[in-house]
Amino acid sequence: MTLHILSQPPSHNAFQSGISHVSEGDVVLLINDGVYGLNQALSGTWPSVARQAVFALEQDSLARGITAEPSALIDYDAFVALTSRHNPIQSWY
C-alpha cells in the first residue's frame, strides 16, 4: 500500500500524475496547495480507486479556506502515523 502525497494544486501536472498512479489499497494525502483537490475527491470527480482513502492536512486546509468532512482532515500526528504505516511513500511535487 503506497502513500501518495500530493502538494501541488489539481491543475498541476504532478497532481494529475499522482492521481493516475493510485492503485487499489493506496492512500492519498493532500498537503500544501494539494488540498484544493479535496472537494473534487469527495464529490466523486476522481477515479474511484483514488477516492477510496483521501485525507488532507487540516492546517493546510484551514489556511486555504477549504472545509470538508472531519474524517477527511488529519493533523500532523496522523500525518506521521500514515507515513509510518505505509511503504512506499511517493511524493508528487
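Good morning. In the protein chain of this predicted model, confidence is lowest in helix α3, residues 48–51, where the mean pLDDT is 75. The highest value belongs to strand β5, residues 89–92, with a mean of 98. For the chain, the mean pLDDT is 92, and 100% of the residues reach 70 or more. As a general caution, where pLDDT is low, the predicted coordinates should not be read in detail.

Let me turn to the sheet. It is open, with five strands in the order β4-β3-β2-β1-β5, and the pairing is parallel. Strands β4, residues 73–74, and β5 occupy the edges; each has a single partner strand, so one side of each is left without a neighbour in the sheet.

Taking the pairings in turn, I begin with β1, residues 3–6, and β2, residues 27–30. These two strands run parallel and are joined by four bridges. Within this pair, H4 lies opposite V28 in β2. Next, β2 and β3 are paired in the parallel sense over three bridges, and here L29 faces F55 in β3. Finally, β3 and β4 also run parallel, joined by two bridges; A56 has L73 in β4 as its bridge partner.

I now come to helix α1. Which of its residues are buried? They are A14, F15, G18 and I19. Viewed down the axis of α1, the buried residues fall within an arc of 135 degrees, so they line one face of the helix. N13 and S20, on the other side of α1, are exposed. The elements covering the buried residues of α1 include β1, β2, α3 and β5. One of these, α3, is the helix in which confidence is lowest, and I would ask you to keep that in view.

The next topic is the nonpolar interior. The largest nonpolar core has 18 residues, and those touching the most other members are L6, V28, L30, L38, W46 and V54. At least two residues of this core come from each of α1, β2, α2 (38–43) and β3 (54–57). Which element supplies the largest share of this core? That element is α1, with three residues.

Apart from this core lies another, of 10 residues, which include V27, A53, F79 and L82.

L38 deserves a separate word, being one of the residues of the largest core that touch the most other members. Setting aside neighbours within four places in sequence, L38 is in contact with L30, V54, A56, I66, A68, A72 and L73. Two of these contacts, A56 and L73, are the bridge partners I mentioned between β3 and β4.

I close with two points of backbone geometry, both in loops. Where does the chain contain a cis peptide bond? The bond from N87 to P88 is cis, with omega near 10 degrees. P88 is located in the loop between α5, residues 76–85, and β5.

The second point concerns N32, in the loop between β2 and α2. Although N32 is not a glycine, its phi is positive, at about 45 degrees. Is N32 buried, exposed or partly exposed? Its relative accessibility is 34%, and N32 therefore counts as partly exposed.

To summarise, the model presents an open five-stranded sheet with parallel pairing, a helix α1 whose buried residues line one face, and a largest nonpolar core of 18 residues. Thank you for your attention.

Notes:
Residues are numbered from 1 along each chain as its sequence is written. This is a predicted model: local features need pLDDT of at least 70, side-chain atom pairs count only at pLDDT 80 or more; totals for chains, interfaces and linings use all residues. Side-chain values use heavy atoms; hydrogens and water are left out. pLDDT is the predictor's confidence in each residue, from 0 to 100. Two strands pair if DSSP finds at least two bridges between them. A nonpolar core is a set of buried Ala, Val, Leu, Ile, Met, Phe, Trp, Tyr and Cys residues joined through side-chain atoms within 4.5 Å. Buried means under 20% relative accessible area, exposed over 50%, partly exposed in between (1.4 Å probe, protein chains only). Contact means heavy atoms within 4.5 Å. The arc is that of the directions from the helix axis to the C-beta atoms.
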